[in-house]
Amino acid sequence: MLLLAGCWDERLYKDHTVVSLVGIEGTYGEMKSYFAYPELQSGNSEITIIEANGIDVRDTRLNADLKVEQAMDLSMMSTILISETTAKDGLNKYLNVFYRDPTNSITAFLVLVEGNVKDYMEASKSWTTEAGEYFARFIRSKEEVSIVPNRTIQTAAAILYSDGMDLVLPYMVLKDKDKKRPELGGVGLFSKGKYTGRVLKPEQSRFLGLLLQERGRKIKYSTLYNERPLSFTILDVNRKWKFESPNTMKMDYELEVELEEFSDVGLRDVNKISELENFINKKITDEVNEVIEILQDEKCDALGLGNFLRVKNPQMFDDNWHETFANLEIQVDIKSEILKTGLIH
C-alpha cells in the first residue's frame with residue numbers, strides 16, 4: 001500500500017494556464033497562433049488571449065509559453081479555429097503537434113473560419129462562458145440536427161489519413177458589424193486533405209448529414225406544398241449502397257418522417273398521405289442530388305464511397321479514386337414513410 005500512495009502524474013490547475021480555445025493561421029515559416037484562457041483580474045474572471053508567431057504550430061506554442069506566468073495546458077481545449085489559408089495548404093502537417101502531446105485534448109472540435117482568426121478570438125472576450133466551450137456547445141447543437149457532422153481532432157485524423165474519404169468541417173463567419181457574434185456559414189469541403197474553398201450552405205449540409213446516415217440525428221426541413229407551409233422532421237434514415245457497375249453507384253434511402261406543421265384535414269385520408277410522401281420523396285431527392293453534384297465538382301468524397309468500394313470491390317479501387325468519384329454516376333432513390341401526422345384534432 002505504501003508504494004501506491006500519492007499521485008505520480010499529478011497536475012495542479014494552479015501550476016498551469018488552462019487554454020480552452022486555440023486559433024491557428026498562416027503557413028510554414030509564417031505561422032501565427034492564438035491561445036485563450038480565463039484569468040483572474042481585479043476579482044473577476046476575464047478571457048485573456050496570447051498571440052505568438054513562429055515557423056510552425058509547435059514553435060508558436062513555445063513562443064506563447066514565454067508570455068505567460070505558468071506553462072500552458074491544452075488538456076481542456078474545446079475548439080481549434082483554423083484559417084482558410086492554413087486549411088488550403090493541407091491540415092495534416094498543422095494538426096500533427098496536437099496528436100503528439102498525450103496531455104492535449106483530442107476531442108476538441110475543428111472549425112474553419114472566414115477572415116482573420118484573431119477577430120473570432122477577440123469576440124470571445126465578450127462572452128461570460130469559457131471561449132472554447134462556447135464554440136463547442138454551438139457545434140454540438142448543430143450536430144443534433146445534422147447540419148454539421150462530428151469532426152474532432154480524433155475523428156478528423158481517421159479521415160485525413162484515409163484515401164477513400166474526405167473531410168468536411170464546420171465553417172463560421174462574422175457578419176454583424178461589431179464582429180461579436182459568429183454564426184454558422186455551412187461546412188467547408190476538403191479534397192485530399194486540403195480545403196477546396198467551397199462551402200455547403202446550412203440548408204444544403206443537412207442533406208449531407210442524411211447521406212452520411214449519422215445515427216441519433218434529426219433532420220428538420222420546411223417547404224411549400226400546394227401553397228401551404230409544410231414542415232417535417234426526418235427521424236431515422238436507413239440506407240443501402242451498391243455498385244451497379246464500376247461507374248455506377250446505387251444509393252437507396254428509406255426515411256421515417258414526422259410532420260411538424262401542415263394544415264390539411266385530409267391527412268386522415270390514406271391516399272392524401274401517399275400523395276404527400278411522393279412529394280417529400282421528390283423534394284428530398286432534388287436536394288440530395290444538388291449536394292452530390294457539388295461534392296463531385298470539388299472532388300470531395302465526404303460520403304466515404306471510396307472506403308465502401310475498397311471493402312466491397314477492392315480490385316476496383318486505385319490511387320486515382322478522386323477522379324473516379326468526380327465522374328461516378330450516382331443514382332439516388334428516396335422513399336419516405338410518414339409515421340406521425342402531427343394532427344391535433
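Visitor: In what order do the four strands of the open sheet stand?
Guide: This is a predicted model. Four strands build an open sheet, and their pairing is mixed. The order is S11-S12-S13-S14.

Visitor: Which strands stand at the edges of this sheet?
Guide: An edge strand has a single partner strand, so one of its sides is left without a neighbour in the sheet. That applies to residues 219-225 and 329-340. The edge strands are S11 and S14.

Visitor: By how much are neighbouring strands of the sheet turned against each other on average?
Guide: The angle ignores strand direction. It is an average over neighbouring strands of this sheet. The value is 35°.

Visitor: In which sense do S13 and S14 pair, parallel or antiparallel?
Guide: S13 covers residues 248-261 and shares 11 bridges with S14. Met249 has Ile330 of S14 as its bridge partner. Glu258 stands opposite Lys340 in S14. The sense of the S13 and S14 pairing is parallel.

Visitor: In which sense do S12 and S13 pair, and over how many bridges?
Guide: A hairpin through two residues joins S12 to S13. Val237 has Leu255 in S13 as its bridge partner. The pairing is antiparallel, and the bridge count is 13.

Visitor: Which helix lies across S11, S12, S13 and S14?
Guide: Helix H7, residues 202-212, packs on the sheet and touches S11, S12 and S13. H7 makes about 120° with the direction of S11. The helix across S11, S12, S13 and S14 spans residues 270-297 and runs at about 145° to S14. That helix is H8.

Visitor: Are H7 and H8 roughly parallel or roughly perpendicular?
Guide: Their axes are 9 Å apart, and the packing angle is about 95°. Angles of 65 to 115 degrees count as roughly perpendicular. So H7 stands to H8 as roughly perpendicular.

Visitor: How many nonpolar residues does the contact of H7 with H8 have?
Guide: H7 brings Gln204, Phe207, Leu208, Leu210 and Leu211. H8 brings residues including Ile284, Val288, Glu287 and Glu290. By class, one residue of the contact is polar and two are charged. The nonpolar count is 10.

Visitor: Which residue in the turn between S9 and S10 has a positive phi?
Guide: S9 (residues 183-191) and S10 (residues 194-200) pair in the antiparallel sense over four bridges. Ser191 has Lys194 in S10 as its bridge partner. Two residues lie between the strands of this hairpin, and one in the turn has a phi of about 55°. That residue is Lys192.

Visitor: How much space lies in the largest cavity?
Guide: The structure holds one cavity of 30 Å³ or more. The lining of the largest cavity is Phe35, Val57, Arg61, Val97 and Phe98. The space in the largest cavity is about 30 Å³.

Visitor: Which elements give two or more residues to the lining of the largest cavity?
Guide: By class, this lining has four nonpolar residues, no polar ones and one charged residue. Val57 and Arg61 are among the lining residues, as are Val97 and Phe98. The elements span 57-65 and 92-100. They are helix H1 and helix H3.

Notes. Residues are numbered from 1 along each chain as its sequence is written. This is a predicted model: local features need pLDDT of at least 70, side-chain atom pairs count only at pLDDT 80 or more; totals for chains, interfaces and linings use all residues. Side-chain values use heavy atoms; hydrogens and water are left out. Two strands pair if DSSP finds at least two bridges between them. Axes are lines fitted to C-alpha atoms, for helices over the stretch in contact, and angles run from 0 to 180 degrees between N-to-C directions. Contact means heavy atoms within 4.5 Å. On a 1 Å grid over the protein atoms alone, a cavity is a set of points where a 1.4 Å probe fits but cannot get out, and a pocket is an open set with protein on both sides within 12 Å along at least five of seven lines; lining residues have an atom within 4 Å of a point. Grid points are joined across faces, edges and corners, and a volume is the space filled by probe spheres set on the points. Ala, Val, Leu, Ile, Met, Phe, Trp, Tyr, Cys and Pro count as nonpolar, Asp, Glu, Lys and Arg as charged, and the others, Gly among them, as polar. Angles under 35 degrees count as roughly parallel, over 145 as roughly antiparallel, 65 to 115 as roughly perpendicular and the rest as oblique.
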